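I set out to look up two things in this entry, the enclosed space inside the protein and the surroundings of an annotated modification site, and I keep my notes below.

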Amino acid sequence: MSSYILFYATFVYFFSILRIFAHNSRALVVESNVLLEQKMTSGNMTSAEKAVLDEIEEKDIDFLRLQFTDILGTVKNVSVPARQAEKAFTDGIYFDGSSIEGFVRIQESDMRLVPDPETFAVLPWRQSEEGASARMICDVYNTSTGEPFEGDPRYVLKQALERADEMGYDVNFAPEPEFFMFEEDEDGRATTETADYGGYFDLAPKDLASDVRRDIIYGLEDMGFEIEASHHEVARGQYEINFEYDDALATADNVGTFRTVVRAIAAQHGYHATFMPKPIPKINGSGMHTHMSLMDESGENAFHDEDDEFDLSDTAHSFLAGILEHAPAITAVANPTVNSYKRLVPGYEAPVYVAWSDRNRSALVRKPAARVPAASRIELRSPDPSCNPYLAFAVMIHAGLDGIEQDLEAPDPVRENIYDFDEAKREDYGIETLPSNLGAAVDALEEDEAIYSALGDHIASKFVEAKRQEFEEYLIDVSEWELDRYLETF
C-alpha cells in the first residue's frame, strides 16, 4: 500500500510539472518576470543589456538619461553617470515618486526605474569631443511589492497589449504628430511669431524652416527612427514629420522621443517648437492622426479582406465600431487639455462628428487607401500631440478590442462632407458629436466603464482629478478676449 501511495504521489508531482510546462505562453511570461526579479538581485545581465554596456564604451558615453513619463505625458528623467549603467540594469535606480504628477503619496514614495535596453539611443544634440549622452526609457516598479507600478503609463499600455496578445493579435500604430515653430524674444522666451508664412506642402522661400526640419530628421534618424516624409502643414509655421509603422509600445516610446528631439533641435536654431494643439486662434491646430491595425498569429494583417467593399475584414469593422462606441471617453485621454477643444471645432479640418468614411476627412475615423494588404488600416483623426501616447494608445486598443469581443457592427460610412450637414441631417444619419470641452470629455470618461477601467484605478482616478482641476481653473480665469470685449462695454 505504501508503495502505491509513493507511486501516486510521484505521478501527481510529475503531472503537475507537465501542466506547468504545457500551459500557454502567458505562463512563460509570468516565469520570465520571476527570472527578471532574480536577475535584479543576482547581477546577471541579458545579452541586450551587455550590448548596451559595450556601446556605451564604444561611443564614449559619459551620462545616461533614464526616462519615464508622468500621467500627463510629460517626459521625466534621472541622469546618472554612464558607469552606473550596469547597476541600473541589475539593481534599478531609485527615485522619489511622490514628486511626480499622479504617482504616489509621500509616505509611499520610493520607486525603482528599470531601463529597457531596447530603447538605448545616443542623444544627437548632446555629442561633443569630450563625450556624449544617451537615453533609455524605463519601466517603473513599486519597491514595496516588487511589481510593476500601476501608475506607470507605459505599464498601462503593456496591459492593453497583453489583452490583445491573449486574443491573438499584435498591434501596430503610426501617428502623425504636427507641431508649430515660433521665434523667441531676446530673453529666449517663446513668442507667437511663426517661423515662416508658408502653407500646405510649400517650398522655400516660403517654407523658411525646411533646414530646421532637415536637422530634426537627421537627429531622429540618428536615434533609430525610420522617417517616411516631412512637409509644411496648412497653417503658417506648422509642420509634420511622419515616421514608420511599428508595434504600439515602440511607437509610444517614439512619440515621447520625437517631441524631445523636435524641441531640442529647434532650440539650437533659435526657435521654440510646441505641440500645443491650438496656439494661434482662427487657423488650423495641430493634430496627431493615428493609424492602427492588428496582425494575427500568422503574421497577416487581421484588418484586410479583399472581398469587402472597403477591403476591411469583419475584425476591422468591429474594431472600428468599438472606437466609435467609446469615442467620447477616448477624447478625454487623446485630447487632454482645455486648449485641445479650441482645435476640435468645425471648419479647421479637425473632426468633431462620430462617423467613419473611406474618403471623407470630416469624419472621426477614416479608412485610408491601401496599396497592399499589409497596409490596410484605420485612422483616428481626433487625437492631438499634447496627449500621453501610452494612455491614448491604450484606450484606443481597449476600445477596439471591446468592439471585437462584443461583435459590434460599424455603421455605414458617410461619404458626404459632414461639416455641411445641419443638426437635423446629422440626427437622420445618427451622427453624434464629440465632447465640446474638457469637462464634458472627463464626464464621458467617468461614465464609460470599459475605458475608465482600461486606465486602471490608480491612473484613472488621478487623471480625472487632475483634469477636473485644470478645467475648473480654466472656468474661473478671465481671458484677454473677455477683457477686450466687455471691459469698456459695460
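Before placing anything, I note that helices (H or I, at least four residues) and strands (E, at least two) are DSSP runs, numbered from the N terminus. I also note that this is a predicted model.

**Modified residue**

I looked up the UniProt record, where an unreviewed entry lists Y419 under "modified residue: O-AMP-tyrosine". In the model I find Y419 in the loop between α11 and α12 (423-429). Is Y419 buried, exposed or partly exposed? I class Y419 as partly exposed because its relative accessibility is 24%, and the partly exposed class lies between the limits of 20% and 50%. Leaving out residues up to four places away in sequence, I list the contacts of Y419 as P346, G347, E349, A350, P351, Y353 and S362.

**Cavity**

I then searched for enclosed space and found 1 cavity of 30 Å³ or more in the structure. The largest cavity holds about 100 Å³ of space. Its lining is made of 15 residues, of which T69, V75, I137, G256 and Y390 are the closest to the centre. I traced the lining to its elements, and those that give two or more residues are β1 (61-69), β6 (132-142), α7 (248-268) and α11 (389-405). Which element gives the largest share of this lining? That is α7, with 5 residues.

By residue class, I record 7 nonpolar, 5 polar and 3 charged residues in the lining of the largest cavity. I record, too, that domain 1 (47-149) and domain 2 (158-487) each supply at least three residues to this lining.

Note on methods. Residues are numbered from 1 along each chain as its sequence is written. This is a predicted model: local features need pLDDT of at least 70, side-chain atom pairs count only at pLDDT 80 or more; totals for chains, interfaces and linings use all residues. Side-chain values use heavy atoms; hydrogens and water are left out. On a 1 Å grid over the protein atoms alone, a cavity is a set of points where a 1.4 Å probe fits but cannot get out, and a pocket is an open set with protein on both sides within 12 Å along at least five of seven lines; lining residues have an atom within 4 Å of a point. Grid points are joined across faces, edges and corners, and a volume is the space filled by probe spheres set on the points. Ala, Val, Leu, Ile, Met, Phe, Trp, Tyr, Cys and Pro count as nonpolar, Asp, Glu, Lys and Arg as charged, and the others, Gly among them, as polar. Domain bounds come from an automatic or database domain assignment. UniProt positions are given in the numbering used here, feature names are shortened, and annotations may be inferred rather than shown by experiment. Buried means under 20% relative accessible area, exposed over 50%, partly exposed in between (1.4 Å probe, protein chains only). Contact means heavy atoms within 4.5 Å.
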